[in-house]
Amino acid sequence: MIQPLEQKHFNDVIELGNLVHGNGYLDDNSLQSIVAKGNKNGINSCFVAIESNRLLGFRLTYAAQQWLIDKWCTPNRWGVSQEQVGYFKCNTVAADARGKGIGGLLLDASITALKQQGATAGVSHLWKQSPNNSAVRYFTKAGGVLIKEHPERWNDTAEHPDYICVLCGPSCHCAACEMLLIF
């Protein structure tokens with residue numbers, strides 16, 4: 001069911017990502033870049049959940065030292081060396097597959113890969129306005145702790161210039177909860 005994200009999964013990942021998060025969230029170029037940032041020492045930290053040849057979900061993760069610590073990050077509050085922190089970019093599960101533990105399995109696979117790459121922790125910006133605040137709840141259940149809340153994190157960023165939020169439209173006002181998970 002859980003397997004490393006490969007090129008053959010790209011179209012399905014892009015489709016599901018844009019369906020769940022909004023148009024413009026992922027495209028082929030951005031996904032290529034994300035997967036490259038997730039590979040370190042021959043280990044891929046990005047995963048998909050497949051059942052009966054159907055994509056149920058995906059986890060996009062950056063390896064430590066292969067992502068930009070930007071203004072949305074608060075490394076002085078992490079309590080661990082930023083050189084050993086991976087980045088949990090996105091965890092997405094199809095609506096009809098939620099509540100079955102798939103998100104947790106994808107996270108576990110990425111944690112295992114990050115550890116093999118040499119990381120000791122991972123940070124993420126979780127979508128506070130996700131359905132029933134499920135993103136923050138599942139990450140908290142996994143041991144993540146809130147570092148800081150960032151209002152309007154996804155509003156007109158260089159990372160997603162054409163993003164249209166499923167809740168707010170083209171001017172996203174959703175908050176991101178910066179959370180840290182030490183392993």
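In this predicted model, strands β8 and β9 run antiparallel and are joined by five bridges. One place to spot the pairing is V145, which sits opposite L180 in β9. On to another partner of β9: β7 and β9 also pair in the antiparallel sense, this time over seven bridges. Here H125 is the residue to look for, since it stands opposite E178 in β9. Strand β9 itself covers residues 176-182, and six of its seven residues are buried, so the rest of the structure largely encloses it.

Strand β7 is tucked away as well. Seven of its seven residues are buried, so β7 too is largely enclosed by the rest of the structure. In a regular strand, side chains take turns between the two faces of the sheet. That pattern is easy to follow along β7: A121, V123, H125 and W127 point one way, while G122, S124 and L126 point the other way, and all are buried. Besides its antiparallel pairing with β9, β7 pairs with β6, in the parallel sense and over four bridges. Within that pairing, Y87 has V123 in β7 as its bridge partner. As a general matter, strands of a sheet are paired through backbone hydrogen bonds, and the pairing can be parallel or antiparallel.

Stepping back, what order do the seven strands of the open sheet follow? Reading across, the order is β1-β4-β5-β6-β7-β9-β8, and the pairing is mixed. The edges belong to β1 (2-4) and β8 (145-150); each has a single partner strand, so one side of each is left without a neighbour in the sheet. From one strand to the next, the twist averages 25°.

Towards the β1 end of that order come β4 and β5, which pair in the antiparallel sense over five bridges. In this pair, V48 stands opposite F58 in β5. Helix α2 packs on the sheet and touches β5 and β6, with its direction making about 60° with that of β5.

Helix α1 also lies on the sheet, crossing β4, β5, β6 and β7 and running at about 85° to β5. It takes in residues 10-21, and its 12 residues reach 16 Å from the first C-alpha to the last, close to the 16 Å expected at 1.5 Å a residue. Which residues of α1 are buried? They are F10, V13, I14, L16, G17, N18, V20 and H21. These buried residues pack against α2 (28-38) as well as four strands: β4 (47-51), β5 (54-62), β6 (85-93) and β7 (121-127). Just after the helix, G22 takes a positive phi of about 125°.

Some of the loops are worth a stop too. In the one between β4 and β5 lies N53, whose phi is near 65°, a positive value in a residue other than glycine. N53 is exposed, with a relative accessible area of 78%. A similar story can be told for Q65 in the loop between β5 and β6: its phi is near 70°, again positive in a residue other than glycine. Q65 is exposed as well, at a relative accessible area of 54%. Then there is G42, found in the loop between β2 (39-40) and β3 (43-44). With a relative accessible area of 82%, G42 is exposed. G42 and Q117 are 75 residues apart in sequence, yet they are 8.7 Å apart in space, C-alpha to C-alpha.

Finally, there is the largest pocket, which holds about 820 Å³ of space. Its lining is made up of 35 residues, and those nearest its centre are N91, S130, S134, A135 and Y138. Elements giving two or more residues to this lining are α1, β6, α3 (102-117), β7 and α4 (134-141). Which element supplies the largest share of the lining? That is β6, with seven residues. So β6 turns up both here and in the sheet, where the strand order places it between β5 and β7.

Definitions and conventions
Residues numbered from 1 in each chain as written. Predicted model: local features only at pLDDT ≥ 70, side-chain atom pairs only at ≥ 80, totals over all residues. Heavy atoms only, no water. Expected span 1.5 Å × (residues − 1). Buried < 20%, exposed > 50% of the residue type's maximum accessible area, 1.4 Å probe, protein only. Contact = heavy atoms within 4.5 Å. Pairing = 2+ DSSP bridges. Axes fitted to C-alpha atoms, helices over the stretch in contact; angles between N-to-C directions. 1 Å grid on protein atoms, 1.4 Å probe; cavity = no way out; pocket = protein on both sides within 12 Å on 5 of 7 lines; lining within 4 Å. Points joined across faces, edges and corners; volume = space filled by probe spheres on them.
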